[in-house]
Amino acid sequence: MSEITAPVDVTPVNRYPTAPAWQAVDDYFAKALVEEDMALVAARESGQETTMPNAEVAPNQGAFLAMLVQLCGAKRVLEFGTLAGYSTIWFARSVGANGRVVTLELEPQNVAVARANIARAGVADRVRIMEGPAAESARELINEDTEPFDLIFIDADKPSNPTYLEAALQLTGPGALIVIDNVVRNGGVADDASQDGSVRGVRAVVDAIAANPDLTATVLQTVGVKGWDGFILVRRC
Ligand code: SAM
C-alpha cells in the first residue's frame, strides 16, 4: 500500500512525472500480456535517436490502439505525429496486409528513424510517411480526395489539435474513430486559466468536440510509465 501512496516524482528533469507503483503495474501487465517482437522493441528504443526521446506511446498503449483498429475493423489509419514509427508499426500490423497507414511527421530526422523501423518491421509496403507540417500534409490528402480513413490518431503538436480535428472530420465518414493522445497533461487540462499552449490546444479541441452534434466522445485517464495522461476517443455518428 505504501508504494501506491508514494509521492509522484515531479522533478523538472523528469519529462513524465510518475510514481514507482504506476511503473511497476505497467511493467507487470506489459510483460504478462503485451507481445513486443524485436522490431517493436527496436522502434521504441530508437526513440532516443529522434528529436523527442521517450515520447512514443507505452507498449500497453500500442496494444490498445491496435485493438481499437481490430475492434473497428479499420483498414485505413491516419496518424498525426510519427516520431520513430512505434505506434505506426502497431497500426500497420493491425490493419493487415491489405490495410493502409498514412503517418504525418514534421522532422526529417524522425522520418529517417521511422522509415528504418517500419522497414525492419516488414510493413513498409502498407505505410506512407508524409514529411512536413501535419496540417499541410492533411490538406494535401484532402486535395487528393483520398479514400476516407476509418481511424485517426492525433498525436503531434498539441496546440494544433483543433486544426487536426477539423482535418480529421474532412478525412473520415460516419462511424470513424478519432483518438487524441496526451490530453490530461499531468492534470493541467483542468486549469481553465492555463497559458500552456498544449493545455489550451486540448481544451480547444474538447470545446470543438462538445459543440459538434455529430460527435460522441469519452476520455480515459491513464497513469503508468508515461506519467499521468489520457486519451480522448471520438466517434463520428
Ligand atoms: N505517435 C508516436 C508514437 O506513439 O510512437 C509519437 C508521436 S510524438 C508524441 C509527436 C511527434 O509529432 C513528434 O515526432 C514530432 O516531431 C511530431 N510533430 C510535432 N509538430 C508537428 C507538426 N506540426 N507536424 C507534424 N508532426 C509534428
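## Ligand contacts

An oxygen atom of the ligand lies 3.2 Å from an N or O atom in the side chain of N110. This geometry, like every other value in this report, belongs to a predicted model. On the side of D155, a nitrogen atom of the ligand is 2.8 Å from a side-chain N or O atom of that residue. For Y164, a polar side-chain atom is placed 3.4 Å from a nitrogen atom of the ligand. The protein covers 93% of the 600 Å² of accessible area that the ligand has on its own.

The ligand is surrounded by 23 residues, and the closest are V57, G81, E105, A134 and D155. D155 thus appears both in this closest group and in the 2.8 Å pair with a ligand nitrogen.

## The setting of D155

D155 is located in the loop that connects strand β4 and helix α7, the latter spanning residues 161-170. Is D155 buried or exposed? Its relative accessible area is 13%, and the cut-off for a buried residue is under 20%, so D155 counts as buried. Besides facing the ligand nitrogen, the side chain of D155 makes a polar contact of 2.9 Å with the side chain of K158.

## Strand β4 and its partners

Strand β4, residues 149-154, precedes the loop that holds D155. Of its 6 residues, 5 are buried, and therefore β4 is largely enclosed by the rest of the structure.

Two pairings of β4 can be described. With strand β1 (residues 76-80), β4 pairs in the parallel sense over 4 bridges; here E79 stands opposite F153 of β4. With strand β5 (residues 172-181), β4 also runs parallel, and 5 bridges join the two. I178 of β5 is the bridge partner of I152. In a regular strand, side chains alternate between the two faces of the sheet.

## From β5 to the β6-β7 hairpin

Which residue of β7 is the bridge partner of I178? The partner is V234, and I178 therefore has bridge partners in both β4 and β7, since I152 is its counterpart in the former. β5 and β7 run antiparallel and are joined by 5 bridges. Strand β7 covers residues 227-236 and is mostly covered, with 8 of its 10 residues buried.

β7 also pairs with β6 in the antiparallel sense, through 10 bridges. Within this pairing, T216 stands opposite R235 of β7. The two strands form a hairpin, with 2 residues between them.

## The loop before β6

N212 occupies the loop between α8 (197-210) and β6 (215-224). With a relative accessibility of 19%, N212 counts as buried, because the limit for that class is under 20%. The C-alpha atoms of N212 and F64 are 26 Å apart in space, while the two residues are 148 positions apart in sequence.

## A nonpolar surface patch

V25, Y28, F29 and L33 form a nonpolar patch on the surface. Together, these residues have about 450 Å² of accessible area. One of them, Y28, is placed in helix α1, residues 20-33. Y28 has a relative accessibility of 53% and counts as exposed, because the limit for that class is over 50%. The exposed Y28 may be set against D155, which is buried at 13%.

Technical notes:
Residues numbered from 1 in each chain as written. Predicted model: local features only at pLDDT ≥ 70, side-chain atom pairs only at ≥ 80, totals over all residues. Heavy atoms only, no water. Patch = residues over 30% accessible without salt bridge, like charges linked within 9 Å, V, L, I, M, F, W, Y side chains within 5 Å. Areas by Shrake-Rupley, 256 points an atom, 1.4 Å probe, with all protein chains shown as cover. Salt bridge = Lys/Arg side-chain N within 4 Å of Asp/Glu carboxyl O. Buried < 20%, exposed > 50% of the residue type's maximum accessible area, 1.4 Å probe, protein only. Near = heavy atom within 4 Å. Polar contact = N/O pair within 3.5 Å; in protein donor to acceptor, adjacent residues only side chain to side chain.
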